[in-house]
Amino acid sequence: MRIVTARELENWLANGETLERDTRGPKVVALKNAGGGDVYLKIFHTRRLPFLARLFPPAARFARNTGILEALNIPCPKVIKTFWINPSAGLSACLYHPLPGTTLETLLQQNPEKLKASLPRLAGFIRQIHGHGIYFRSLHIGNIVQMPDGNFGLIDVLDLKRWIFALGRRHVRRNFRHLERHLERRALNDFPLEELYRLYFK
């Protein structure tokens, strides 16, 4: 991966719109794209030791995971390129086309009836993921998007593994536990979790 110059990064940050950040700085920035179409900059502030991040750069893992999902026809962001921002610190990034649509968390807040009506299709989507052997640690309603056509896709797919076989019941329940913890942390008590389980395991 090439190293982005400090001037190039400064230009992106100065002219883009920061959509997500934490105490370490910007994480997702919407860029102005003269060629048309949305382009986002995603910066990976690794929590690993720098030498581990240099061996397995998060940006490259993110791009690999989107490639896995694309091969399975599971909608996800489309990575344009990956690069280093600061190799010695293990800081990497990528440019990508975002997945159009609305996260289920936003839908829960803005249109809960629409979300409830979409539960059978959502349960089928999650079964499809698990059937392909996808274990997505960040499976929660902030990372599942309902697209304009009513179908679903995944975003923020850094923590994803693909196994040869479909997930067994034990791993399915472990995966759903990540969803439960997200709802607990965000105090999203209105999400119809029990109904989703009933539809999934029916």
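Biologist: What is the relative accessible area of Asp156?

Modeller: It is 32% in this predicted model. Buried means under 20% and exposed means over 50%. Asp156 therefore counts as partly exposed.

Biologist: Where does Asp156 lie?

Modeller: In the loop between strand 10 and strand 11, residues 160–162. Its backbone stands out too. Asp156 has a positive phi of about 50°, although it is not a glycine.

Biologist: Which residue between helix 7 and helix 8 should I look at next?

Modeller: Try Ala187, in the loop between helix 7 (169–185) and helix 8 (193–201). Ala187 is another non-glycine residue with a positive phi, here about 55°. With a relative accessible area of 51%, Ala187 is exposed.

Biologist: Is Ser138 buried or exposed?

Modeller: Apply the cut-off again. Ser138 has 16% relative accessibility, so it counts as buried. Find Ser138 in the loop between strand 8 (134–136) and strand 9. Then look past its sequence neighbours. Leaving out residues up to four places away, Ser138 touches Asn143, Asp156 and Asp159. That brings us back to Asp156, in the loop after strand 10.

Biologist: How should I read a helix?

Modeller: Start with the turn. An α-helix has 3.6 residues a turn, so residues three or four places apart point the same way. Now take helix 6, residues 119–131. Its 13 residues reach 18 Å from first C-alpha to last, close to the 18 Å expected.

Biologist: Which residues of helix 6 are buried?

Modeller: Leu119, Leu122, Ala123, Phe125, Ile126, Ile129 and His130. They cover an arc of only 160° around the axis, which means they sit on the same side of helix 6. Just after the helix, Gly133 takes a positive phi of about 80°.

Biologist: Which residues touch the most other members of the largest nonpolar core?

Modeller: Leu122, Leu154, Phe191 and Leu196, in a core of 45 residues. Helix 6 supplies the largest share of this core, six residues. Another core, of 13 residues, lies apart from it. Val4, Val29, Leu41 and Leu91 are among the members of that second core.

Biologist: What is in contact with Leu154?

Modeller: Skip its neighbours within four places in sequence. The contacts of Leu154 then include Phe125 and Ile129. They also include Leu69, Ile74, Leu99, Phe136 and Ile144. Both Phe125 and Ile129 are buried residues of helix 6.

Biologist: How do I read a sheet?

Modeller: Write down the strand order, then the pairing. One open sheet here has three strands in the order 7-9-10, with antiparallel pairing. Strand 7 (102–103) and strand 10 (152–154) are the edges. Each has a single partner strand, so one side of each lacks a neighbour in the sheet. Strand 7 pairs with strand 9 (residues 144–146) over two bridges. Thr103 stands opposite Val145 in strand 9.

Biologist: Which strands of that sheet does helix 6 touch?

Modeller: Strand 9 and strand 10. Helix 6 packs on the sheet, and its direction makes about 45° with that of strand 10.

Biologist: How many strands are in the open sheet with mixed pairing?

Modeller: Six, in the order 1-5-6-4-3-2. Strand 1 (2–3) and strand 2 stand at the edges, each with a single partner, so one side of each is left without a neighbour in the sheet. Helix 3 (residues 58–71) lies across strand 4, strand 5 (78–86) and strand 6 (91–97). That helix runs at about 170° to strand 5.

Biologist: How do the strands around strand 3 pair?

Modeller: Use the general rule first. In a regular strand the side chains alternate between the two faces of the sheet. Strand 2 (residues 17–22) pairs with strand 3 in the antiparallel sense over five bridges. A hairpin through two residues joins strand 2 to strand 3. Glu17 has Ala30 as its bridge partner in strand 3. Strand 3 also pairs with strand 4 (residues 39–44), antiparallel, over four bridges. There, Val29 has Leu41 as its partner. Val29 and Leu41 also belong to the core of 13 residues.

Biologist: How many residues of strand 3 are buried?

Modeller: Six of its seven, residues 25–31, so under the 20% cut-off strand 3 is mostly covered.

Technical notes:
Residues numbered from 1 in each chain as written. Predicted model: local features only at pLDDT ≥ 70, side-chain atom pairs only at ≥ 80, totals over all residues. Heavy atoms only, no water. Expected span 1.5 Å × (residues − 1). Buried < 20%, exposed > 50% of the residue type's maximum accessible area, 1.4 Å probe, protein only. Arc of directions from axis to C-beta. Core = buried A, V, L, I, M, F, W, Y, C linked by side-chain atoms within 4.5 Å. Contact = heavy atoms within 4.5 Å. Pairing = 2+ DSSP bridges. Axes fitted to C-alpha atoms, helices over the stretch in contact; angles between N-to-C directions.
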